[in-house]
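Colleague: I would like a close look at a single part of this model. Please put it in the context of the whole chain, and keep it brisk.

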Amino acid sequence: MTDNSERTHLYPNRDRQSRETGVSRRRLLSGSVAAGTAVTAGCTGSSSGPAETDTRDGTVFVFNTGEKTVSIIDTENNEVVATPHVGVTASFPSNQFAPTLTDAPTDPLWLNVDRGVRAVEVGSLSEVAAVETGSGANWQELTPDGKHLVVSAREPAHTQYRIDADPASESFGEVTGELDRTDEGGRGDRDGPGPCDVTIHPDGEYAYVPDIFGNTLSVIDVEAFELATQISVAPTGDADAARPWMGTAAWNGDVLLVEHDEGATGTESIWDVSDPASPTEKVRLTSDDGLGERPLTSEIGPDSQTGYVFTPGSNDVTVLNIDAGTVTNRIDLGGSAFVGTWGPNREQLYVPVQTSDEVKVIDHPSGEVTATIPVGSKPYGATAATVRPEEDAVGNLLGTMATLGVELSEAGTTYCIGNCACGHRL
């Protein structure tokens, strides 16, 4: 926990009313009439109440870190329907099970923001919960039933958190489990294992955490919230350390993909998790096998047989045949992408391309890019839902201003890998 003076130093755009090039979002919100904003019926701030939330089509949310806006994409037509400024931005939102869980306006989307995680209500994109973790580098994932959020807080915290994620619960947003892993130590001068990312087995019983400094894969019993298993991961080739850092569990519960920041170009491993508490590594793929450079994160197709590995070092997505343990294709993105998310029907993969300010849509049945959607500046994280936020005239106005270069204050920052508008401190 940091005091206000430290937080102001770390995030100079927060708690500031104005500066030569800055505009306070709170001031604009409270003075929208003076700013010339006509808040009409059916929009946020209307005296007749908010509009009904649109539940007809699926929605993908893309967080534009360059201007702190979110592009709201209609997945039926693959077009942006709004780009509000929401006051937060996220690089790694919880997305694996979100499309099947967020089917009501009051359901939360969980984001990694500042020195912790926050939940925003999908119908209004307003904050409904926040937990500080003691680290600026956080990853989180929901259990398949939506009851728990499991968080990996990397250095200096080296701690796992379990948070009540059920919006109907009296303890919603509260920490219900904490696992301090600092005493495990880490590589070199690191004082802990560096839990980096978290993915959850589809039965919800176990969470998998790659530890980048400990060179381990940790298996956490979600209900007991304790380590069930920890596996040492050896380096491959001439690498001095395996450095596992991100992972994705398959829908069928048999396979886990793990990305490694090892060697000159990075590697990818495929694990057998048919016994969920006892993962075993099957194969480690390298550039010699056709893997793209710097694998960072991955998603797995609805058939649990196809892996999509985001390889920003080569500006593409590496496609895997998981059963065979081979690279089958490389999909050119024309720029660097670090993450992706499935639409609600899990047939289309939405990939924010940070360096070209657009989203590439990969059609799973064909394995091809079938749409390109222009979005905001430096898009990074993405997640999905089966509901759409209500119309927000003020948020859209602020989004337009941000797009035009007006710097809006009080925007929560996010941990990023690569070129990103971050203000985090580890």
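Modeller: Start with the contacts of the whole chain. Among those between residues at least 6 apart in sequence, 52% join residues at least 24 apart. Keep in mind that the model is predicted. The protein chain has four helices and 30 strands. Of its 426 residues, 59% are buried.

Now the part itself: histidine 364. This residue sits in the loop between strand S27 (358-363) and strand S28 (368-374). Is histidine 364 buried or exposed? Its relative accessibility is 13%, so histidine 364 counts as buried, the cut-off being under 20%.

What does histidine 364 touch, leaving aside residues up to four places away in sequence? The list is Gly301, Pro302, Asp303, Thr306, Tyr308, Trp342 and Glu347. One of these, tyrosine 308, also makes a polar contact with histidine 364. That contact joins the two side chains at 2.7 Å.

Next, the strands on either side of the loop. S27 and S28 run antiparallel, and six bridges join them. Valine 361 stands opposite alanine 371 in S28. In general, strands of a sheet pair through backbone hydrogen bonds, either parallel or antiparallel. Here S27 and S28 belong to an open sheet of four strands. The order is S25-S26-S27-S28, with antiparallel pairing. The edges are strand S25 (341-342) and S28. Each has a single partner strand, so one side of each is left without a neighbour in the sheet. Trp342 falls within S25 (341-342), and Trp342 is among the residues that histidine 364 touches.

Last, the empty space in the model. Rolling a probe the size of a water molecule over the atoms shows where such space is left. How many cavities of 30 Å³ or more does the structure hold? There are three. The largest has a volume of about 260 Å³. Its lining comprises 21 residues. Nearest its centre lie Pro93, Asn95, Glu141, Asp197 and Glu299. Three elements give two or more residues to this lining: strand S9 (138-142), strand S17 (244-249) and strand S21 (297-300). By class, the lining has seven nonpolar, 10 polar and four charged residues.

Back to histidine 364, to close. The residue is in the loop between S27 and S28, and its side chain has a polar contact with that of tyrosine 308.

Key:
Residues are numbered from 1 along each chain as its sequence is written. This is a predicted model: local features need pLDDT of at least 70, side-chain atom pairs count only at pLDDT 80 or more; totals for chains, interfaces and linings use all residues. Side-chain values use heavy atoms; hydrogens and water are left out. Buried means under 20% relative accessible area, exposed over 50%, partly exposed in between (1.4 Å probe, protein chains only). A polar contact is a pair of N or O atoms within 3.5 Å; within protein, one must be able to donate a hydrogen and the other to accept it, and residues adjacent in sequence count only if both atoms are side-chain atoms. Contact means heavy atoms within 4.5 Å. On a 1 Å grid over the protein atoms alone, a cavity is a set of points where a 1.4 Å probe fits but cannot get out, and a pocket is an open set with protein on both sides within 12 Å along at least five of seven lines; lining residues have an atom within 4 Å of a point. Grid points are joined across faces, edges and corners, and a volume is the space filled by probe spheres set on the points. Ala, Val, Leu, Ile, Met, Phe, Trp, Tyr, Cys and Pro count as nonpolar, Asp, Glu, Lys and Arg as charged, and the others, Gly among them, as polar. Two strands pair if DSSP finds at least two bridges between them.
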